[in-house]
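Visitor: I have not looked at this structure before. Could you take me through it by question and answer?

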Amino acid sequence: MNEHLSRSSEEPRAAAVFEKAIVAEPAQPLATAVEDVPGYQKPGQGTARLRVIAGDEKGILVRDAADVAFGNRLLMESVIGGDDRVAIRDTRQLPWRFICALRMHMRDGSDFVGTGWFIGEKTVMTAGHCVFVHDHGGFPERIEVIPGLDRTFRPFGSAVGRRFRAPQGWIDNADTNVDYGAIQLDTPLGRRTGFFAFGALSDAQLRETDANISGYPGDRDQASRQYFHARTIQQTNPTRLFYDIDTFGGQSGSPIFLNVSGRRVAVGIHTTGGSRSNSGTRITADVFNNMNTWRNE
Amino acid sequence: MSDEHRSRSSEDADETPKAVSGAAISGVVRGASGAPLRNALVSLDSDAGVRDIAQKTGDDGTFRFANLRAGRYVVNVHHGGGSSQAHLTVDEQQEHEVTITTKEEGHGHEDV
């Protein structure tokens with residue numbers, strides 16, 4: 001496991017301590033905390049929740065989000081059980097400064113918005129479908145990366161990426177299980193913002209942990225303001241994480257991250273919204289290895 | 001590492017995307033006068049699960065989402081301070097076209 005946990009730009013020595021803590025008990029849940037965001041309170045048990053299906057350490061808990069029961073309700077928004085997203089008031093602070101609004105300009109002239117996050121000085125992680133859009137020309141012509149965007153305020157400026165990475169399974173088959181990718185910048189903008197640690201954690205470490213997502217939803221402020229939300233990870237399978245964290249179009253590529261004793265560790269990449277649950281690509285050993293390669297290229 | 005995860009780069013030889021299967025939703029967003037609405041943000045919601053990406057309408061107000069599963073969808077349009085929706089049921093492998101008319105004039109809004 002220790003080879004599957006990266007270091008962040010936050011306190012390198014402390015990160016080493018965290019790494020030991022994870023390796024020590026890989027079969028135990030992690031003691032995680034919701035990020036302390038002014039105005040945000042994690043909803044109580046009365047909030048609409050997905051049914052939790054128990055599983056063992058190695059088993060596939062659900063094959064697909066559609067397999068998860070959600071009573072008889074059919075919601076047509078991926079904001080589940082009420083909208084308690086809150087705006088980040090100061091995106092210059094950690095870890096919000098690691099997170100970037102993305103503006104994708106495709107080869108066919110169309111434009112998309114999404115979210116990314118620094119994993120290295122020049123490398124921004126995001127969803128595969130943000131860096132390779134099959135019916136709009138494949139790899140984009142360019143993506144503008146704007147860390148900590150707060151309406152019109154760009155605390156770290158921006159950079160334009162023209163080099164991209166994605167796994168073969170996404171490019172060839174649009175396989176949801178490998179929906180992840182990266183933007184390679186020519187300028188080390190991440191040196192100013194800092195970047196997330198990331199880890200390939202076990203089912204036991206992920207199950208029932210408090211996970212955080214922050215990104216740039218298109219239904220608020222035209223995707224120009226960062227919004228935060230947190231809930232418990234409800235399901236895992238070998239390649240996906242499932243949760244009822246409120247998301248909306250524009251938040252694809254957002255980090256799914258844990259706060260373990262003040263250390264932020266990304267464990268997934270948000271990709272999918274749905275009325276039954278939201279989900280993201282899990283950082284597995286294979287995903288981790290690509291991320292580690294991409295951050296060092 | 002499995003082939004699925006093998007890293008591919010935009011710097012490689014021409015990465016022409018293969019056609020992907022599935023349904024598609026395309027359409028045009030118009031302002032109150034009927035003129036195309038530029039730079040509106042369009043996203044989807046569905047009981048089938050959708051990629052959480054949002055598309056900006058072009059100068060002609062158009063958008064298109066492909067590689068969709070069959071199911072019930074909501075097309076959300078956000079523009080200026082308002083929003084509009086269209087509801088539709090998508091069938092396998094079908095192209096569905098919608099026109100969404102908003103209360104706003106078709107001049108779009110400023111880019112971020």
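Visitor: Which residues of helix 6 of chain A are buried, and how wide is the arc they fall within?
Guide: This is a predicted model. In helix 6 of chain A, the buried residues are A:Val287, A:Asn290, A:Met291, A:Trp294 and A:Arg295. Seen down the axis of helix 6 of chain A, its buried residues line one face of the helix, because they fall within an arc of 130 degrees.

Visitor: What covers the buried residues of helix 6 of chain A, and which element of chain B is included?
Guide: From chain A, the cover includes strand 4 (123-126), strand 7, strand 8 (181-184), strand 9 (197-198) and strand 15 (278-282). Chain B is also part of the cover, and the element included from it is strand 1 (7-9) of chain B.

Visitor: What are the domains of chain A, and which element gives the largest share of the side of domain 1 that touches domain 2?
Guide: The domain assignment gives domain 1 (2-90 + 196-295) and domain 2 (96-193) of chain A. Their contact takes 29 residues from domain 1 of chain A and 28 residues from domain 2 of chain A. On the side of domain 1, strand 10 (210-215), strand 14 (263-273) and helix 6 (285-295) of chain A each give two or more residues. The largest share is five residues, and it comes from helix 6 of chain A.

Visitor: How many residues does each chain give to the contact of chain A and chain B, and which element has the largest share on the side of chain A?
Guide: Chain A gives 53 residues and chain B gives 41 residues. Among the elements of chain A that supply at least two residues to this side are strand 3 (111-118), helix 2 (128-131), strand 14 and helix 6. The largest share, five residues, comes from strand 7 of chain A.

Visitor: How do the residues on the side of chain A that touches chain B divide by class, and how many are polar?
Guide: This side has 16 nonpolar and 10 charged residues. The polar residues number 27.

Visitor: Where does strand 14 of chain A pair with chain B, and what is the bridge partner of A:Gly273?
Guide: Strand 14 of chain A runs antiparallel to strand 4 (residues 50-51) of chain B, and two bridges join them. In strand 4 of chain B, the partner of A:Gly273 is B:Val50.

Visitor: Is strand 14 of chain A largely enclosed or open, and how many of its residues are buried?
Guide: A residue is buried if 20 or more other C-beta atoms lie within 10 Å of its own. Strand 14 of chain A is largely enclosed by the rest of the structure, because the buried count among its 11 residues is 10.

Visitor: Which strands of chain A pair with strand 14 of chain A, and which pairing is parallel?
Guide: Six bridges join strand 14 of chain A to strand 13 (residues 255-260) of chain A in an antiparallel pairing. Strand 15 of chain A also pairs with strand 14 of chain A in the antiparallel sense, over four bridges. The parallel pairing has two bridges and is with strand 9 of chain A.

Visitor: Which residue takes a positive phi in the hairpin of strand 13 and strand 14 of chain A?
Guide: This hairpin has two residues between the strands. The phi is near 55 degrees, and the residue is A:Ser261.

Visitor: What does strand 4 of chain A pair with, and which residue stands opposite A:Thr126?
Guide: Two bridges join strand 4 of chain A to strand 3 of chain A, which run antiparallel, and a hairpin joins these strands through four residues. Strand 4 of chain A also pairs with strand 8 of chain A in the antiparallel sense, over four bridges. In strand 8 of chain A, the residue opposite A:Thr126 is A:Gly181.

Visitor: Is A:Pro155 buried or partly exposed?
Guide: A:Pro155 lies in the loop between strand 5 (142-147) and strand 6 (159-161) of chain A. Buried residues need 20 or more other C-beta atoms within 10 Å, and exposed residues have 12 or fewer. A:Pro155 has 17, so it is partly exposed.

Visitor: What is the average pLDDT of chain A, and over which residues is the pLDDT below 50?
Guide: Chain A averages a pLDDT of 81, and 78% of the residues score at least 70. Stretches with a pLDDT below 50 include residues 11-24 of chain A and residues 45-78 of chain A.

Methods: Residues numbered from 1 in each chain as written. Chains lettered and ligands numbered in written order. Predicted model: local features only at pLDDT ≥ 70, side-chain atom pairs only at ≥ 80, totals over all residues. Domains from an automatic or database assignment. Contact = placed C-beta atoms within 7 Å. Nonpolar A, V, L, I, M, F, W, Y, C, P; charged D, E, K, R; others polar. Arc of directions from axis to C-beta. pLDDT = per-residue confidence, 0-100. Pairing = 2+ DSSP bridges.
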